[in-house]
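Let's take a walk through a protein model made of chains and helices. Have the sequence and the 3D view open, and follow along as we go from the whole chain to the places where its parts touch.

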Number of protein chains: 2
Amino acid sequence: MNIQQIFAPIQEELAQVEARLRQAVRVEYLPLADIFEMLIGSGGKRIRPALSILATKFHPTDPEKMYTLAIATELVHAATLIHDDLIDRSSTRRGTPTINSRWSGTATVLAGDFLLARAADIAASLDNFRVMRIFARTLMTICEGEIRQDFARSHWPPNRDEYYKHIESKTASLFIAATEGGAILSGAPENEIAALKAYGRYLGMAFQMVDDILDFTADEKELGKPVGSDLRQGTFTLPVFYYLENDARDKPIAEMLSTQVDQLIEAIRHSSAIAAAKAEAQRTAQAARDALAIFPDTIYRRTLADLTEYVVERTL
Amino acid sequence: MNIQQIFAPIQEELAQVEARLRQAVRVEYLPLADIFEMLIGSGGKRIRPALSILATKFHPTDPEKMYTLAIATELVHAATLIHDDLIDRSSTRRGTPTINSRWSGTATVLAGDFLLARAADIAASLDNFRVMRIFARTLMTICEGEIRQDFARSHWPPNRDEYYKHIESKTASLFIAATEGGAILSGAPENEIAALKAYGRYLGMAFQMVDDILDFTADEKELGKPVGSDLRQGTFTLPVFYYLENDARDKPIAEMLSTQVDQLIEAIRHSSAIAAAKAEAQRTAQAARDALAIFPDTIYRRTLADLTEYVVERTL
């Protein structure tokens, strides 16, 4: 199933999200308006807005609040992409030139800041302090995680526990904000809020594990960047840890990393580490599925379950 | 009067602010904790927290909320300083090395983001949606203003109206968040909220005008950067506009800017433009003073009035 098929039950809501996203980033000042138009217009899977919407569907929810949450999660996501691309000096994303490749570093930093501010502004209209705090905390978690990674690059040996912490803060935290936030807005009881929070956490972690696997296995052209770019930047991801444990106990990894990184990436790409990492992503996605057990078997629960399969099967 | 003398009536509150600021930026992760300790520890005048506190003093106010607002304004200010220093590639601030001079660009961008997130998190505990929205809007205004300036550098001729817009968004907006926010938290009636908003706006504009004058007239050592650094970066400030209008109607400014910037700065420094700019700052500070007329003559109103004199008389 592709993502459009999975999201068919909330197709109308997602169309609204597109229109409202454009509205949300509308600014008077023209160069900035162009930046945002380009950023929002270039699309994306809209997984976070979809999660926000789906999480509200187990109880009657004010649609305005549902949309507000959906927009706020996507704006935070867009802001982090802007800052990530600047940090990684990426020149394209989704086949479109990145903001940092077309504008100054200044404009790029500030465009990201502006979107964070806009997300906070929009979240303030939720009239729900609990959700707003989750939002602010999520932002802190994302930033702290990124800084942690930036410093970790200069540390050796890399640490697998740090990896799990990192993907939780980098990716799962915003998935959690979407699902936990949606559940709270819908007035769900605490056990359901906890279940949707757990679902968001596992789904986000599985999603990032697969991203990290695809960084090794995907086609360079589809990826839009060189294979193994995380490792090239000194970041160890799940396949690398499996490779170190299963295939390369006695190999001089530190040395290969500095002198033969292409060969090292090729070796990992063709090792059992890829299947082992994928199996772990599958187990994590299964944990997300299990968290849905307390909900009635509705079209929305099935959509959430389908998403857990999609995130591990996707090829990009 | 120096700033300590002016702030004597709220000395205890400001001591609390110092302690709470340290608490607010406490993080587990050590390198980041060091960054924030350095940033918060290196001081500053704490004008924004002081304004937040003073603006609540005309009605009985929950001290917790007063402190929350004070901390949030200073955190936003600290975040903008971090991003400004990175953008301007400044190596010192208040005699201390800047974060960007000691850490990577990545860590610097993210440390600023983290403080913005923390400010949003703290503001969320205000339980006041009106103040939270002012906060989020302020952040957007600051970012949009900075981006506007970044793009304006490549435009000629520079525009005086743009200058006023810029200092309003860059500096006055956060002064307004402090004074308007404080008034709202204190439960002041709308006419007092409007008066304190106007006060914050004029004070902030006067403050920035004087900053821009000091960029020409202050001692390089005290300034910690070369005289005329705004103009060197292509940014036109109030003294430049007066110079263009009164002293340099027929001079080839565009050409001097690219070939003889040192002589141009010296010429402005010794022209009547400095006194003219200072007179405008004084008129703006007077407007701030006038806005206080509706308040009873208390020690706090006198402190706010003293501040309007301080901002134009200060030498750094």
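Chain A has 316 residues, and a compact globule with that many would have a radius of gyration near 20 Å; chain A has 20 Å, so the two agree. (That radius is taken over C-alpha atoms, and the globule rule is 2.2 Å times the number of residues to the power 0.38.) Along its principal axes, the C-alpha trace of chain A spans about 60 × 50 × 30 Å.

A quick word on what you're looking at: this is a predicted model, where local features need pLDDT of at least 70 and side-chain atom pairs count only at pLDDT 80 or more, while totals for chains, interfaces and linings use all residues. Residues are numbered from 1 along each chain as its sequence is written, and chains are lettered from A and ligands numbered from 1 in the order in which they are written.

**How the chains pair up**

Chain A lands on chain B after a rotation of 180 degrees with 0.0 Å of shift along the axis, with an RMSD of 0.0 Å. That is the relation of a two-fold axis. The superposition is by least squares on the C-alpha atoms of residues with pLDDT of at least 70 in both copies.

How many residues does the contact take from each chain? It takes 35 from chain A and 35 from chain B. On the chain A side, the elements giving two or more residues are α3 (30-41), α5 (63-88), α7 (105-124) and α8 (129-152). The largest share, 14 residues, comes from α8(A). By class, that side divides into 22 nonpolar, three polar and ten charged residues. (Ala, Val, Leu, Ile, Met, Phe, Trp, Tyr, Cys and Pro count as nonpolar, Asp, Glu, Lys and Arg as charged, and the others, Gly among them, as polar.) Since 100% of the interface residues of chain A are also interface residues in chain B, the copies meet through the same surface. Residues are in contact here if their C-beta atoms, placed from the backbone, lie within 7 Å.

**How the helices pack**

Chain A has 17 helices and two strands. These are DSSP runs numbered from the N terminus: helices are H or I with at least four residues, strands E with at least two. Here are three helix pairs, with axes fitted to C-alpha atoms over the stretch in contact and angles from 0 to 180 degrees between N-to-C directions.

| Helix pair | Axes come within | Crossing angle |
|---|---|---|
| α4(B) and α9(B) | 7 Å | roughly 25 degrees |
| α16(A) and α17(A) | 9 Å | roughly 170 degrees |
| α10(A) and α17(A) | 8 Å | roughly 20 degrees |

Angles under 35 degrees count as roughly parallel, over 145 as roughly antiparallel, 65 to 115 as roughly perpendicular and the rest as oblique. So α4(B) and α9(B) are roughly parallel, while α16(A) and α17(A) are roughly antiparallel.

Look at α17(A) in more detail. In its contact with α16(A), Ala281(A) and Ala285(A) are among the α16(A) residues, and Ala305(A) is one of those in α17(A). That contact divides into six nonpolar, two polar and one charged residues. With α10(A), the residues include Tyr199(A) and Phe207(A) in α10(A), and Leu304(A) and Leu307(A) in α17(A). The contact of α10(A) with α17(A) has nine nonpolar, one polar and no charged residues.

How values were computed. Contact = placed C-beta atoms within 7 Å.
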